[in-house]
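Open the structure in your viewer and keep the selection tool ready. The tour goes stop by stop: what to select, then what is there.

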Amino acid sequence: MKSVISSMEERMQKSITALENEYNTLRSGRASTALFDKIKVDYYGQETPLSQVASISVPEARLVVIQPWDKSLLAPIERALLKSELSLNPNNDGKLIRINIPPLTEERRKELVKLAKNIAENSRVAVRNIRRDAIDELKKLEKQKTITEDDLKQGQDSIQKITDTFVSEINILLDKKEQEIMEV
């Protein structure tokens, strides 16, 4: 029974980590290197993550500087940035790319909050699915007479408590991201 619960906790923690990673790539009003985690650059015919072909820095709150290790990559990086859903305008000066992060409009902020809520709901669903799998696993063990009916009930109670903890953690992450997006 303990292995079922620890396995469930591990899977739920992975859901939280995935949510945090997703939120890091969600644009808020300030510059962040995490915004560029999903951007892939055509590097000699191979789709390569931007962070593997250039250094990305944030010298100011609304400025990102991308310096490719190979100058021939300036144009492909610029193309990848223009194609991305970030809707940013890169400035290429022949040595590096500067990106000014404009403040978000009220309408765009509301869209991003809605998107953050959808991402959080998907994480809650994932956590609930993991809970269901763990309870099904305990029921199988009870059917095989490996655990007693009391153990099953006790296991279900602890699974529910753990699930509630993870769901509240998701809600806290959502609140933080909402505040970050809505601050001007």
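Helices here are DSSP runs of H or I with at least four residues, and strands are runs of E with at least two, both numbered from the N terminus. The model is a predicted one.

**Stop 1: helix 4**

Select residues 149-182, which make up helix 4. Check its length first. The helix has 34 residues, and at 1.5 Å a residue they should span 50 Å. The C-alpha atoms at its ends lie 49 Å apart, so the two values agree.

Now colour the buried positions. They are L152, G155, I159, I162, T163, F166, V167, I170, L173, L174, K177 and I181. What do they pack against? Helix 1 and helix 3.

Pick K177 from that list. This lysine sits in helix 4. Is K177 buried or exposed? Its relative accessibility is 6%, and the cut-off for buried is under 20%, so K177 counts as buried. Show what surrounds K177. Leaving out neighbours within four places in sequence, its contacts are Y23, L26, S28 and A116.

**Stop 2: helix 3 against helix 4**

Add residues 106-143, which form helix 3. The axes of helix 3 and helix 4 come within 10 Å of each other and cross at roughly 170 degrees. Angles over 145 degrees count as roughly antiparallel, so helix 3 is roughly antiparallel to helix 4. Colour this contact by residue class. It divides into 16 nonpolar, six polar and ten charged residues.

Next, move to the loop that lies between helix 3 and helix 4, and select K145 there. K145 has a positive phi of about 65 degrees, yet it is not a glycine. Most residues other than glycine have a negative phi. At 72% relative accessibility, K145 counts as exposed.

**Stop 3: helix 1 against helix 3**

Select residues 2-24 for helix 1. Helix 1 packs on helix 3 at an angle of about 170 degrees, and their axes are 10 Å apart. These two helices are therefore roughly antiparallel as well. How do the residues of this contact divide? Into 14 nonpolar, two polar and five charged.

Zoom in on S15, which is found in helix 1. With a relative accessibility of 14%, S15 counts as buried. Not counting residues up to four places away in sequence, S15 touches S123, A126, V127 and I130.

**Stop 4: the hairpin of strand 1 and strand 2**

Select residues 40-43 for strand 1 and 46-49 for strand 2. The two run antiparallel and are joined by four bridges. For one pair to display, take V41: its bridge partner in strand 2 is T48. The hairpin has two residues between its strands.

Label Y44, in the loop between strand 1 and strand 2. Its phi is positive, about 55 degrees, although Y44 is not a glycine. Y44 is exposed, with a relative accessible area of 63%.

**Stop 5: the four-stranded sheet**

Strands of a sheet pair through backbone hydrogen bonds, so switch those on. In what order do the four strands of the open sheet come? The order is 3-4-6-5, with antiparallel pairing. Strand 3 (54-60) and strand 5 (90-92) are the edges, each pairing on one side only. From one strand to the next, the twist averages 25 degrees.

Walk across it:

- Strand 3 to strand 4 (residues 63-68): five bridges, antiparallel. A54 has P68 as its bridge partner in strand 4.
- Strand 4 to strand 6: four bridges, antiparallel. I66 has I97 as its bridge partner in strand 6.
- Strand 6 to strand 5: three bridges, antiparallel. N92 stands opposite I97 in strand 6.

Stay on strand 6, residues 97-100, and show its side chains. They alternate. I97 and I99 point to one face and are buried. R98 and N100 point to the other face and are not buried.

Finish at the hairpin of strand 5 and strand 6, which has four residues between the strands. Select G94 there: its phi is positive, near 95 degrees.

Key:
Residues numbered from 1 in each chain as written. Predicted model: local features only at pLDDT ≥ 70, side-chain atom pairs only at ≥ 80, totals over all residues. Heavy atoms only, no water. Pairing = 2+ DSSP bridges. Axes fitted to C-alpha atoms, helices over the stretch in contact; angles between N-to-C directions. Buried < 20%, exposed > 50% of the residue type's maximum accessible area, 1.4 Å probe, protein only. Contact = heavy atoms within 4.5 Å. Parallel < 35°, antiparallel > 145°, perpendicular 65-115°, else oblique. Nonpolar A, V, L, I, M, F, W, Y, C, P; charged D, E, K, R; others polar. Expected span 1.5 Å × (residues − 1).
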